[in-house]
Amino acid sequence: MNNNSNKMFFLFILFFSTLISISSNSWFGCWIGLEINLLSFIPLISNSKNLLSVETSLKYFLTQSLASINFLFMILIKFSLLKNFNMNNIISIMMNSSLLMKMGSAPFHFWFPNIVEGLSWMNNFMLMTWQKISPMILLSYYFNKNFLIFMIITNLIIGSLGGLNQTSLRKLLAFSSINNLGWMIFSIMISENLWLFYFLIYSMMISMMISLFFLMNMYFMNQLFINNMNFFIKLNLLINFLSLGGLPPFMGFMPKWIIINFLLINKFYFLTFIFMMTSLIIIYYYIRIIYSSFMFNYFKMKWVNLLMKNNMSLINLSSFISISSMILSTFIFM
Amino acid sequence: MCFNSFFFLFFFMLINFFFFVYFIMNGLSVFFEWEIISFNSMSIVMSILLDWMSLLFMMFVSLISSVVIFYSKSYMNSELNLNRFIILVLMFVFSMVLLIISPNLISILLGWDGLGLISYCLVIYYQNLKSYNAGMLTALSNRIGDVMILMVICWVMNYGSWNYIFYFDFMKNDYVMFIISFMIIIAAMTKSAQIPFSSWLPAAMAAPTPVSALVHSSTLVTAGVYLLIRFNYLLIDMFFFKVLLFLSILTMFMSGISANYEFDLKKIIALSTLSQLGLMMSILSLGFPDIAFFHLLTHAMFKALLFMCAGVIIHMMNDIQDIRYMGGLSLYIPLTSLCLNISNLSLCGIPFLSGFYSKDLILEMVSFNSFNLMVFILFYLSTGLTVFYTFRLIMYVMINDFNLMMIYNLYDEDYIMLNSMFVLLFMSLLSGSFLSWFIFSYPYMIYLPFNLKLMVIYVSILGSILGFMVSNMGIYSLNKLLLSYNLSSFLCLMWFMPNLSTYGLSYIYLNFSQILFKNIDMGWSEIYSGKGIFNILKNYSVFYNIYQMNNFKIYLFSFILWFMILFIFFFI
């Protein structure tokens, strides 16, 4: 039942639905796009042979449809009751809340780690990157600045604190995704171009990590301590994690640097402090994952061996991209 | 390697000699200057000043170092890494030459720091605990001088360039020059081991004997004196010069007394070096830089010779340095004891050896000009003490009975060492008169009453009689040192001043830092920034997890609740 042509079909509709949502003239079109998004994602993740993924797809359906209903309701109220375009009112708070729930952002994020735990790596990749595009762009059309700043702070704190106690790699990446959502929402408030830049780099980093985990078929932290892990795989893991955390010579530092620049120019000092401190906590738990694999004498499980597949040769390329992208990404601004 | 460097340095010495004679006969001096960087108003230049003083000093340094390298071919022949040693010595000579020829504070700093660091490497050459401690003491005491010179460089930036020789005539009453002169004096005092910093010189005798001959007799310790000679026009009216006079006279006196209580051969020679350094510094601070330079050079000759003889004796005594085991060596090693005697007598100032010319001139200048009573007494007393410990040493080493073993073979035919000593012997005999004819274009006018003129001979004879009497030890002699134990230990241990540099500096601060480390680094700082924050974050994370692990309906219902609240607010 789950053959590739089904997946291709639904994937195509998924991409198309996002395009509908972001390029529509009226709010109604946005809502239509969101609904089609939901409906085409569900078949991608549900696999009737696996009880966990059925439950996951059900949870996903419930939360997203609740959020879409609310979104529709708020759109209609806005059209009927409010004739102005002022963005700082309660309707915008309500619209933003429903969009935040769609994305899996902070006060409404409780479904996100649960669902991520039940999906495979490729589905996770779609969930963490593609599914965030249309809610974010819709967010940028009509947002309430004060509410969003509060949500950003909540995002950052929950993303950093929640991940400290995790051992499952999927949940770890989920919490880091929540943290990066905080950065991305702020970049929406600066300029949409910057959001695009951040989002592209973030999805590139996530794709490299997820492809690495997918190839090694790793879902939990104790699977990282393998006896014969190749040095380049470990190096790639190190570089990607540090890049995700935003450490300077790597790719992930660049968008964070620009956002910090904007923050400081516009005198958001307290917010800068929160951004920095939560980044530190995030980097702490990334390093906690990888440092034991980088010492000379680390904890290895002798009875587990990694079979090198043929498609692992791209790992070197991805490491190279992560390291040199700081320079290469300045070409974007030429 | 040894022969190559010996020939190179000897040839260098001959070149220097030739140029020295030419320059001093024609009154020339040459100044090279290369500008390296010039930015805003400062210009860093590399300058070389070749006048008769620097050429003469370079000639002496290269002579002594060539002879020492030749000597160490035989002295250090059981050393595996002899090349390393020779390279260190050559680097030392290079730093010294850089110090001598530079009229510029930056290149003086290069030479000065180089001297300090390389002397550290040479002192710790034998890698044992005593050498390590001695090297640490040497390096850190010299480091104080380095810091002083660095600060002088900072202060001289006020004047626009680091060529200090151009500023002396114009800036004498400036506040900046006051500070600079203070720091220069302290730097020279650390290098030349005057009183607060005098503990490193006896300790540095843990170095190999060729190193002591080169470094601690003639070159390193005279670098401070040389710096003050160069700066003399600046310093001559300053107050700190009088302080320097006081401290250097005390150094001379103290080391003279301490050398009488010592029983280690190299330490006695080190303390005599210290005494002569005090003499040089004091005559410099009385206002006679050329006499100080003269004594510096002659002292270099006979002190290097003395260290080399000591090296031969130590080799012969199966590496024992204690003079109580030696005795009667003059009968068995005539050539070495010839060199030893001549250098010792030259040290005492016996007429017409080389030391006589400089020492006697110094004492006559002190008597002729009117200085105060303490200066006068301490000068003559120190001269008497010099003769005292010299004669004591001669009695112990050469005249009394042999104390090591019943049957022993004393071997004097190591001609490599002997040839090198003969070169210095020749210079030690003749350099006094030779230098006095060159350096002083006209002699000093000295007119003294008869007894005052002979005062030198009186104290010398008194010192020699005392030295003879003290060293008449037999089996039943009463050890008066033990009877006056407190006084003896005070006088022997250099008036307890080494504790200033060693025990006094380390104990209190280490204690205090242990308290700080335990309380702050491993104590409160862990709660406030290390594990404490981690525990707080961990607790927050656990607390968050309680919210995360919930029923799914609760999530949905919380969302609905939020919207209901917003709705109510909207419709109010």
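How do the residues of the lining of the largest cavity divide into nonpolar, polar and charged? The model is a predicted one, and the question is best approached by first locating this cavity. About 90 Å³ of space lies in the largest cavity. Its lining comprises 13 residues, and those closest to the centre are A:N37, A:Y60, A:Q64, A:K102 and A:Q131. Four helices of chain A each give two or more residues to this lining: α2 (27-45), α3 (51-81), α4 (90-103) and α7 (133-141). The largest share, three residues, comes from α2(A). The division asked about is seven nonpolar, four polar and two charged residues.

This cavity belongs to a set: the count comes to seven cavities of 30 Å³ or more. The second largest has a volume of about 50 Å³. Residues of both chains line the second largest cavity: A:M101, A:P107, A:F108, A:H109, A:F110 and A:W111 are joined there by B:Y555, B:S558 and B:F559. Helix α25 (residues 552-571) of chain B gives the most to this lining, with three residues. By class, the lining of the second largest cavity has seven nonpolar and two polar residues, and no charged residues.

Helix α25(B) also leads to a packing between the chains. With their axes 10 Å apart, α3(A) and α25(B) pack at an angle of about 10°. Because an angle under 35 degrees counts as roughly parallel, α3(A) is roughly parallel to α25(B). On the side of α3(A), the residues that meet α25(B) are A:K59, A:L62, A:T63, A:L66, A:A67, A:N70, A:F73, A:M74, A:I77 and A:L81. On the side of α25(B), they are B:F552, B:L556, B:F559, B:I560, B:F563, B:F567, B:F570 and B:F571. The residues of this contact divide into 15 nonpolar, two polar and one charged. B:F559 thus appears in the helix contact and in the lining of the second largest cavity.

A further helix pair lies within chain B. How do helix α15 (residues 354-368) and helix α16 (residues 373-399) of chain B cross? Their axes come within 10 Å and cross at roughly 155°. The two helices are therefore roughly antiparallel to each other, and α15(B) passes α16(B) in a left-handed crossing. From α15(B), the contact is made by B:K359, B:I362, B:L363, B:V366 and B:S367. From α16(B), the residues are B:V375, B:F376, B:F379, B:Y380, B:T383 and B:T386. By class, this contact has seven nonpolar, three polar and one charged residue.

Helix α16(B) leads in turn to the largest pocket, in which about 890 Å³ of space lies. Of the 28 residues that line the largest pocket, B:F263, B:Y396, B:M473, B:N479 and B:L481 are the closest to its centre. Elements of chain B that give two or more residues to this lining are α10 (239-261), α16, α19 (455-470), α20 (480-483) and α21 (485-492). The residues of the pocket lining divide into 15 nonpolar, nine polar and four charged.

Methods
Residues numbered from 1 in each chain as written. Chains lettered and ligands numbered in written order. Predicted model: local features only at pLDDT ≥ 70, side-chain atom pairs only at ≥ 80, totals over all residues. Heavy atoms only, no water. Axes fitted to C-alpha atoms, helices over the stretch in contact; angles between N-to-C directions. Parallel < 35°, antiparallel > 145°, perpendicular 65-115°, else oblique. Left-handed = near helix turned anticlockwise from the far one by under 90°. Contact = heavy atoms within 4.5 Å. Nonpolar A, V, L, I, M, F, W, Y, C, P; charged D, E, K, R; others polar. 1 Å grid on protein atoms, 1.4 Å probe; cavity = no way out; pocket = protein on both sides within 12 Å on 5 of 7 lines; lining within 4 Å. Points joined across faces, edges and corners; volume = space filled by probe spheres on them.
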